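Dear colleague,

I am handing over the structure we spoke about, and below it you will find a short account of what turned up when it was examined. Please read the account with the structure open beside you.

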Amino acid sequence: MSGFITEDFLLESNHAKRLYHDYVKDLPIIDYHNHLPPDQMAQNKQFENISQLWLADDHYKWRAMRTLGVDEKYITGNASDNHKFKEYAACLPYLIRNPLYHWSHLELLRYFGFNDLVNKENADQVYDLTQEFLRKPEYSAIGLLSQMKVEYLCTTESPLDDLKHHMTLKNSNQVIQMDTAFRPDLFLLISHPNYLDSIKKLEEIGPFEIKTLQNLKDSLLDRMNYFHQNGCRLCDHGLEAIPFERVSEKLVEEIFKKRLKGMQLTRLEVRQFQSHLLLFLSQHYHRLGWIQQFHIGAYRNANTKMFRQLGPDTGWDSIGSFINIRSLMSFMDQLDQQNSLTKTIIYNLNPSDNAMIASIIGNFNHSSMRGKVQWGASWWYLDQIDGITQHFNTLSNIGVISTFIGMLTDSRSFLSFPRHEYFRRIICNAFGEDISKGRLPKDYQWIGKIAADISYYNAKHYFDIQ
C-alpha cells in the first residue's frame, strides 16, 4: 500500500496549493526554541540507526507506546534499538489521527524517501533502509538540519551550563547558527527538593558565596553576562503560571534565608519569592536587550512512581489550569511601568486560555516596535492540526496574524523539522479556505507574502538574525 502524503498533503483547495507551493514551500527554517543536544551539534554526530533519532528522547512516542501496552523495556529500557523500533512500527497503524502518525510518515518521506505506510510487517525494511542512509556523511546531525534548510536554531540551557558546545560550533565552519536561551528555573523553583543542591552548584562555578538574596542575584547576573558574552539573546521559563505578589525585598530576603536553612515554605512565600526574583531577572533581560519567553500551564510529573523511576521529561506531564490573568497582567504591567518590558513571547498549554492570551498581548504592544509581545506557537499537546488552526484563528480574530513569528519544534529530535512544513501547510490551507469562501480576495501575491512572513521573515526580523 502506498503512502498518503502527496505534494498537496493538507492543502484542500487550489488556492491553498498555490500559496504553499509558490510562496512558502522553499523558505529556510528558523527554529527559535528546541531542546536539541548541543554536544551532538558540536560533534556533528553520526547516528547509528533511526531509533537513536526517533525514540531515544521522544516522550510523545513513549506515551503512545505505553497506551498501547508496550513493555517499558522497549521504550526507556535496555532492549536493542532494533527491537524498540519494531515495537514503535507496530504501534504506528494504531496512532491514526494522532499527530505522531503524520509526523512519522512525513519524516520518513522527507529524509529517507520512504513513502509507504509503516507497520510491523515492513519494520525491518524501514530499519535497514534508514540505517543505510544514516551511514552517509550528509546524514550527520548538521547534515540532517541542512537538508531541511535550517538556518538558525536556539537550544535551552540552565545558568550552570558552560556553553562549550555552542562555542565549538561558532568557531567551526558550519553555516547553521546555534544560539542558546538562558533558563534559570532551577533558581526560581525555591520549593524544589534539589534547590539547595542547585545553589551549591551555582556557588561552585561563580565568584560569589550565596548566603543572601543579593548574593543569588549577583550570581545569576554573573551567569547572564557570561551567556550574553557568548551570544545569548533569549531566555526561557517553564512555570505553571507567572507569579505576582507585592512584597518587600526584606521579606524576600527572610524567605530565602529560611530556605537556605532547609526550612519548608508556605505557598504564599514561594509566590512572593518567585515574583520578586522573576521581576528582577526580567528587568535585566530588558537591560541586555534579550527576548523573554514564558511557557506556562503544564502540570508536570503527575505520576510519582514513574517520575522517581525515570525522572522528568519522560512522559508523565499534562495540561494544567494555572494561569491567573490578574497575576500575569500585573507582572507585565509592572515591567511596562518601569520601562523594563522587553520583547516577550507567551506560550500557553491549555487551549481554554487561548482567547485570554491573545487579548493580553495587545495590551503591551507599543507603536515603537512591530509585534513586540507575541503569543507563541501552539505548544506541546496543541501542536497538531486542530491546535494550530485554533491558535491561527484566535490570533487572527483578536490580534494581528500578520505579525506572528510562526512555528518552532520544541523537540529533542534532529528529524523533527518537517513539523515546520506541517505548520506551513496548515496555515496556507486556512488562508486558502478563506479565499474559497470569499472571505479574502484572490490576491495571491499579498496573502502569499503574509504566509511567508509568518513562516520565516517575521521571526528573522524579530530575533534580528543576520
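**Charged pairs and a buried histidine**

The side chains of D434 and R439 meet in a salt bridge, with 3.2 Å from N to O. Please keep in mind that this is a predicted model. The two partners sit in unlike surroundings, because R439 is exposed, with a relative accessible area of 54% and thus over the 50% cut-off, whereas D434, at 22%, falls between the limits of 20% and 50% and therefore counts as partly exposed. Elsewhere, R110, E421 and R425 are joined into one network by salt bridges that share partners.

These belong to a wider set, since a search of the whole structure finds 20 salt bridges. Among them is the bridge between D58 and K61, whose closest N and O atoms are 2.7 Å apart, and here both residues are buried. Another of them links K211 with E209, where the closest N and O atoms are 3.8 Å apart; E209 is exposed, with a relative accessible area of 53%.

Now to the histidine: where does H295 lie? H295 is part of strand β5, which covers residues 291-296, and this residue counts as buried because its relative accessible area is 2%, under the 20% cut-off. The side chain of H295 is joined to that of D236 by a polar contact of 2.8 Å. If residues up to four places away in sequence are left out, H295 touches H33, D236, H237, G238, L239, Y347 and W379.

With kind regards

Definitions and conventions. Residues numbered from 1 in each chain as written. Predicted model: local features only at pLDDT ≥ 70, side-chain atom pairs only at ≥ 80, totals over all residues. Heavy atoms only, no water. Salt bridge = Lys/Arg side-chain N within 4 Å of Asp/Glu carboxyl O. Buried < 20%, exposed > 50% of the residue type's maximum accessible area, 1.4 Å probe, protein only. Helix = DSSP H or I, 4+ residues; strand = E, 2+ residues; numbered from the N terminus. Polar contact = N/O pair within 3.5 Å; in protein donor to acceptor, adjacent residues only side chain to side chain. Contact = heavy atoms within 4.5 Å.
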